[in-house]
Amino acid sequence: MQIELDDVLQLLRVYRHDLLNQLQLVDGYAGMGQHDVSREKLQVLINQLKNERILQTIQAPQFVFWLINLKLNERDFNINWEVENNHQSIEEFDHLLVHDGKLLTHYLKQQFNDFTQVHMFIQINFDNNGILSIKLRILIYR
């Protein structure tokens with residue numbers, strides 16, 4: 001997978017649109033005096049941005065791009081991730097992760113084409129010996 005400049009710009013447009021919608025939601029709740037809800041939505045957004053920043057530290061640009069693109073453009077997929085002990089690069093697995101991720105999402109779409117929502121949680125972890133483990137939890141709702 002080679003990332004093209006047009007793909008990056010399209011992803012940025014979608015990302016900015018999504019971010020603006022979330023900020024307008026926070027502003028709307030604040031404007032109605034629902035400050036607790038506004039703060040809660042703002043905290044969710046802050047945590048999401050922190051998780052995206054940490055994801056980018058794994059030095060797997062193709063996988064990070066693919067994952068964020070999937071999250072923003074495939075509304076049937078609700079994707080969350082967690083990166084722990086990210087003290088080394090997984091760049092050598094970059095293309096393999098994208099390949100396997102595409103196979104998995106294609107399979108899920110084929111097998112569950114009438115599903116309502118797919119929730120995916122990806123946990124990327126490096127242990128103290130530098131061994132990489134990736135855990136995937138998938139919930140399918142009809």
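Okay, let me start with one pair of residues: Trp-81 has Ile-122 as its bridge partner in E2. Keep in mind that this is a predicted model.

That pair sits where two strands run side by side. E1 and strand E2, which covers residues 117-126, run parallel and are joined by 8 bridges. On to the next pairing: E2 and E3 are antiparallel, with 10 bridges between them. One example there is Gln-123, whose bridge partner in E3 is Lys-135. The hairpin of E2 and E3 has 5 residues between the strands, and in that hairpin Gly-130 takes a positive phi near 80°.

Put those together and you get an open sheet of 3 strands in the order E1-E2-E3, with mixed pairing. Why do E1 and E3 each have a side without a neighbour in the sheet? Strand E1 (77-84) and strand E3 (132-141) are at the edges and have a single partner strand each, so one side of each is left open in that sense. As for twist, the average is 10° from one strand to the next.

Let me zoom out for a second. The protein has 4 helices and 3 strands, and along the sequence they come as α-α-α-β-α-β-β. The C-alpha atoms fill a box of roughly 50 × 40 × 30 Å along the principal axes. There are 142 residues, and 29% of them count as buried. If you take contacts between residues at least 6 apart in sequence, 67% of them join residues at least 24 apart.

Now, which helices lie across the sheet strands? One is helix H3, residues 61-73, which lies across E1 and E2 and runs at about 145° to E1. Another is helix H4, residues 94-111, lying across E1, E2 and E3 and running at about 15° to E3.

While we're on H4, have a look at Gly-101, which is found in that helix. Buried or exposed, what would you say for Gly-101? Its relative accessible area is 9%, so Gly-101 is buried, the cut-off for buried being under 20%. Gly-101 and Trp-66 are 35 residues apart in sequence, and their C-alpha atoms are 8.6 Å apart in space.

Next, helix packing. We describe two packed helices by the angle between their axes and the distance between those axes. Helix H1 (residues 5-31) packs on H3 at an angle of about 50°, with the axes 10 Å apart. That angle makes H1 oblique to H3, and H1 passes H3 in a left-handed crossing. On the H1 side, the residues are Asp-7, Val-8, Leu-11, Val-14, Tyr-15 and Asp-18, and they meet Phe-65, Ile-68, Asn-69, Leu-72 and Asn-73 in H3. Sorted by class, this contact has 7 nonpolar, 2 polar and 2 charged residues.

H1 also packs against helix H2, residues 35-55, at an angle of about 155° with the axes 7 Å apart. So here H1 is roughly antiparallel to H2. H1 passes H2 in a left-handed crossing too. The H1 residues in this contact include Tyr-15, Leu-19, Leu-23 and Val-26, and among those they meet in H2 are Val-37, Leu-42, Leu-45 and Leu-49. By class, the contact of H1 with H2 comes to 11 nonpolar, 4 polar and 2 charged residues. Tyr-15 turns up in the H1 contact with H3 and in the H1 contact with H2.

That's my tour, thanks.

How values were computed:
Residues numbered from 1 in each chain as written. Predicted model: local features only at pLDDT ≥ 70, side-chain atom pairs only at ≥ 80, totals over all residues. Heavy atoms only, no water. Pairing = 2+ DSSP bridges. Axes fitted to C-alpha atoms, helices over the stretch in contact; angles between N-to-C directions. Contact = heavy atoms within 4.5 Å. Buried < 20%, exposed > 50% of the residue type's maximum accessible area, 1.4 Å probe, protein only. Parallel < 35°, antiparallel > 145°, perpendicular 65-115°, else oblique. Left-handed = near helix turned anticlockwise from the far one by under 90°. Nonpolar A, V, L, I, M, F, W, Y, C, P; charged D, E, K, R; others polar.
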